[in-house]
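Got your viewer open and a hand on the mouse? Let's take a walk through this chain, one selection at a time.

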Amino acid sequence: MPRLVFERTRFEVDYPDGVSVLEACDRDIRAGVPFSCRHANCGICRLEVTEGMELCEPRTNWEDELLTYLKEGPTIRLGCQLRIAAGEGVVRLRVQ
Ligand code: FES
C-alpha cells in the first residue's frame, strides 16, 4: 500500500488500493488540497509530484488537456484526477 505525503500540511496516510487522491483528501481534511470543479476544468487542485511519480497512474485525457493548456510540466498533476497504483513506496505531493 503506497504512502501519501502532503508536503504543505505534513499529513501522511497509507493509501488504500483503488481509492483516488480526491477520495483520500475528502476522507481527511488534513491533506490540505483545495478542490473546486472536481472534473479537470479549473486547475485549482494542481499538485507537484516530488517523489513517487512511478506509482502514479498516467494522466487522463481530460487531465492532460487542461495541464497542456496551462503549460504545466510532467511533474504536475490534478488532485481530482490522480490515481495511485497499488504497490509499495511513497508518493510525495506539493500543493501548487
Ligand atoms: S478541482 Fe478543478 S481541476 Fe481539479
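Start by selecting β3 and β4: these two strands run antiparallel and are joined by three bridges. To see one of those pairings up close, click glutamate 48, whose bridge partner in β4 is isoleucine 76. By the way, what you are looking at is a predicted model.

Keep β3 (46–51) selected and add β5 (90–95). β3 and β5 are antiparallel too, with four bridges between them. Pick leucine 47 and look across: valine 95 in β5 stands opposite.

Now hop over to β1 (3–6). Which way does β1 run relative to β5, parallel or antiparallel? The answer is parallel, and four bridges hold the pair together in the model. Here the residues to click are leucine 4 and, opposite it in β5, valine 91. In general, the strands of a sheet pair through backbone hydrogen bonds, and they can do so in parallel or antiparallel fashion.

Time to show the whole sheet. It has five strands in the order β2-β1-β5-β3-β4, it is open, and its pairing is mixed. Which strands sit at the edges? They are β2 (11–14) and β4, each of which pairs on one side only. Turn the sheet and follow its twist, which averages 30° from one strand to the next.

Next, colour the chain by element. You should find two helices and five strands, and reading from the N terminus they come as β-β-α-β-α-β-β. The radius of gyration is 12 Å, close to the 12 Å that the globule rule gives for 96 residues, so the chain is as compact as a globular protein of that length. The C-alpha atoms fill a box of roughly 30 × 25 × 20 Å along the principal axes.

Let's go inside. Of the 96 residues, 25% count as buried. The largest nonpolar core has 19 residues, so there is plenty to click on; try Leu4, Ala24, Val33 and Leu78, which have the most contacts inside it. β1, α1, α2 and β5 each supply at least two residues of this core, and α1 gives the most, with three.

Stay with leucine 4, which you already met opposite valine 91. What does leucine 4 touch, leaving aside residues up to four places away in sequence? Select Glu12, Val13, Tyr15, Ala24, Val91 and Leu93 to see them. Contacts between distant parts of the sequence matter for the whole chain's tally as well: among contacts with a separation of 6 or more, 62% join residues 24 or more positions apart.

Two last stops, both in loops. First, select alanine 40, in the loop between α1 (21–27) and β3. Its phi is near 60°, a positive value in a residue other than glycine. Is alanine 40 buried or partly exposed? It is partly exposed, because 19 other C-beta atoms lie within 10 Å, and buried would take 20 or more.

Then move to lysine 71, in the loop between α2 (61–69) and β4 (76–78). Lysine 71 also has a positive phi, of about 60°, although it is not a glycine. With 7 C-beta neighbours inside 10 Å, lysine 71 counts as exposed, since the cut-off for that is 12 or fewer.

Notes: Residues are numbered from 1 along each chain as its sequence is written. This is a predicted model: local features need pLDDT of at least 70, side-chain atom pairs count only at pLDDT 80 or more; totals for chains, interfaces and linings use all residues. A nonpolar core is a set of buried Ala, Val, Leu, Ile, Met, Phe, Trp, Tyr and Cys residues joined through C-beta atoms within 7 Å. Two residues are in contact if their C-beta atoms, placed from the backbone, lie within 7 Å. Two strands pair if DSSP finds at least two bridges between them. Axes are lines fitted to C-alpha atoms, for helices over the stretch in contact, and angles run from 0 to 180 degrees between N-to-C directions. The radius of gyration is taken over C-alpha atoms; the globule rule is 2.2 Å times the number of residues to the power 0.38.
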